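Trainee: I have a model open and some terms to sort out. Can we go through them one by one?
Mentor: Yes. Bring up the structure and ask away.

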Amino acid sequence: MRITKKRKQSIALLAFVFPALAFYAVFMLAPAFGGAAYSLTDWNGLNPAYEWVGFANYAEALSDDPSFAHSLWFTVKFVVFMVVLQNAIAILLAVLVESVGRGKAWFRTIFFMPNMLSMIIGGFMWLFIFTKVSSYLVEHAGLSFLDRSWIGDPDFSFYAILIVSLWGGAGYLMVIYIAAIQGVPKQLKEAAAIDGANAWLTFRNITLPMIYPAITIGIFLTLNSSFKAFDAVYALTGGGPGRATQVVAMNIYEEAFSFNSRYGYASAKAMILFLIIFLITMVQLRIMKIREVEA
Amino acid sequence: MNRPASESAHPKLGFRVGYALVIAVLIVAAIFTLFPIYMGVLNSLKTEGEMLNDILAFPSRLQFGNFADAFEKTDYMRSLRNTLTIAVVGLTGIILFASMAGYKMSRTPGKLSGFLFATFVLSMLIPFHSIMITLVKISKALAVQGSTFGLGFIYIGLGVSMAIFLYHGFVKSVPRELDEAAVVDGCGEVRLFFVVIFPLLLPVTATIAILNLLWMWNDFLLPLLMLTDSNDYTLLLSTNMLFGEYNNDWAAILASLVLAMLPVIALYILLQKYILNGIADGAVKS
């Protein structure tokens, strides 16, 4: 009797889960496992015949592929800048917006707006600013600090990509931080005010510790999204000049789809990207959770 | 803002200066945020010559020629319809399938349920770029590549994880007594879910709908990989293609960018409150 009831329960469970599981298995699990398997082969994507090469692809990607190494390094640099700047800007905006009386809704609306746009659209609009508007401002308004090739010079295009990514992403995190700040008990702030704490001290000793869980999420989201950066770079520089601003995602894309169509090798690179993101995220969550408990 | 009121000789004045500073910073940030959008809209209304002459000035005469041109060249209505088709197929599937799965797993104790849930949730850490190569191969083999419906199906597969996670958590706040009462009243499992439970999930359904709609609408790489025929192009893809074609005719390019962003800006203005709340809820729960 009990067994049949349990079996019945399992059948009902599977019936409800099946549609989601079917799509998920075909378009997520199978590509994930398939990719892991292909990464151990020399498949070129077309030829039905291929051979197992073990970890040779991984060895090549990590030791004998300057363009991959460069794209990894470029991405890591980008991620570090993004994690620090994006979260700092988002927290600053959230605190400032929350401290305003009238007009709060306006500011929030405006700062979030770029997030509604695809970074392809945003990136092209910024390309217009960096090429046409900036040269106009240099010529007519004498803003000589803008006088550089934002897109053609690898050093500056790094900053151009950074600016556009921050422009597009900070508003999203700001919304999360605003929600966190609104969750800080009012009594705490009032008590601090009575004790004579100024705005900075209140922020440092009350708001910041109280929004720590949101910062964990903010850093997690930034790590995740900036390791996968593609759209803004595609729109602004296309990875150029040469391959100077090529991010890992682009390097993988190129390897698989445009130049060599080395599927096996590109899959190995994709697995390396996954492992990097996975390890860093795990370490980050571990560290932040420990501190969260202490705070 | 930084100055403690008590230290200032004129506490009120100190506070006011601080407040003015806050507003000033916010206004500068707001101008910076809107500047690219403003420049895009402004210059899309000028002729190329007028734009080169003075990029900051208002157009001497509003002209919509660029828009007519871009509308036609991006095949706007068809691109819009393609984008909508993908979003509707994807959203319907994600909401329907994920709510069923999330609900049932949340309500069923035991190892099987836990295992299934873990299978869904763990993959949330796998980046799209790690699966895209093989995904293209599989989609080709299944003849899902190259169709807007097929792309919608792929979004279902990629999107259910997060939706299931959110539904799974939310269902815990729906009292179990409701299930029992409905069963006592002779309600079958399927009717129980669709008639009693699903309507109660509306708040989280709204969040999931918003997050996924924005994702599908603004996604570029997956459509680029999957849509091979320009008849199936989404708004983003046609805009991108136009970009290559116009080759520096900025006035025309900007018009196509403005056209591509119109639907999302309209959506944002209409549903602002829900979108902002949905983003906050989605992030806090996942």
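Trainee: How many salt bridges does the structure hold over all chains?
Mentor: Eight, over all chains. Keep in mind that this is a predicted model.

Trainee: What makes A:E60 and A:R262 a salt bridge?
Mentor: Set the value against the cut-off. The closest N and O atoms of A:E60 and A:R262 are 3.1 Å apart. The limit is 4 Å, so the pair counts. Side chains of opposite charge can pair when their charged atoms come close.

Trainee: Where do A:E60 and A:R262 sit in the chain?
Mentor: In distant parts, 202 residues apart. A:E60 is in helix 2 (residues 56-63) of chain A. A:R262 is in the loop between helix 11 (248-258) and helix 12 (263-294) of chain A.

Trainee: How many salt bridges does the rule find across the interface of chain A and chain B?
Mentor: Zero. Polar contacts are another matter: 11 residue pairs make them between chain A and chain B, both residues at pLDDT 80 or more.

Trainee: Which part of chain A gives the largest share of the side that touches chain B?
Mentor: Helix 1 (residues 2-38) of chain A, with 23 residues.

Trainee: What kinds of residues make up that side of chain A?
Mentor: There are 69 nonpolar, 14 polar and five charged residues.

Trainee: How do you know how much area chain A and chain B bury?
Mentor: The size of an interface is often given as the accessible area lost when the parts come together. Here, chain A and chain B bury about 8,200 Å² between them. Carbon and sulfur atoms carry 83% of that area. On chain A, the residues A:F16, A:F27 and A:M116 supply 11% of what it buries against chain B, more than any other three residues. In contact terms, 88 residues of chain A meet 95 residues of chain B.

Trainee: Why are residues 201-223 of chain A called a transmembrane region?
Mentor: The name comes from UniProt, in an unreviewed entry. Such annotations may be inferred, so treat the label as a record's claim. In the model, residues 201-223 of chain A are 96% helix and 0% strand, with end C-alpha atoms 29 Å apart. UniProt also lists residues 263-283 of chain A. That span is 100% helix, with its ends 30 Å apart.

Trainee: Where in chain A is confidence lowest, and where highest?
Mentor: Helix 7 (residues 186-194) of chain A is lowest, at a mean of 83. Helix 3 (residues 66-99) of chain A is highest, at 94. In chain B, pLDDT stays under 50 over residues 1-9. For the complex, the predictor gives an ipTM of 0.88 and a pTM of 0.89.

Technical notes
Residues numbered from 1 in each chain as written. Chains lettered and ligands numbered in written order. Predicted model: local features only at pLDDT ≥ 70, side-chain atom pairs only at ≥ 80, totals over all residues. Heavy atoms only, no water. Contact = heavy atoms within 4.5 Å. Buried area = accessible area lost by both parts, 1.4 Å probe. Salt bridge = Lys/Arg side-chain N within 4 Å of Asp/Glu carboxyl O. Polar contact = N/O pair within 3.5 Å; in protein donor to acceptor, adjacent residues only side chain to side chain. Helix = DSSP H or I, 4+ residues; strand = E, 2+ residues; numbered from the N terminus. Nonpolar A, V, L, I, M, F, W, Y, C, P; charged D, E, K, R; others polar. pLDDT = per-residue confidence, 0-100.
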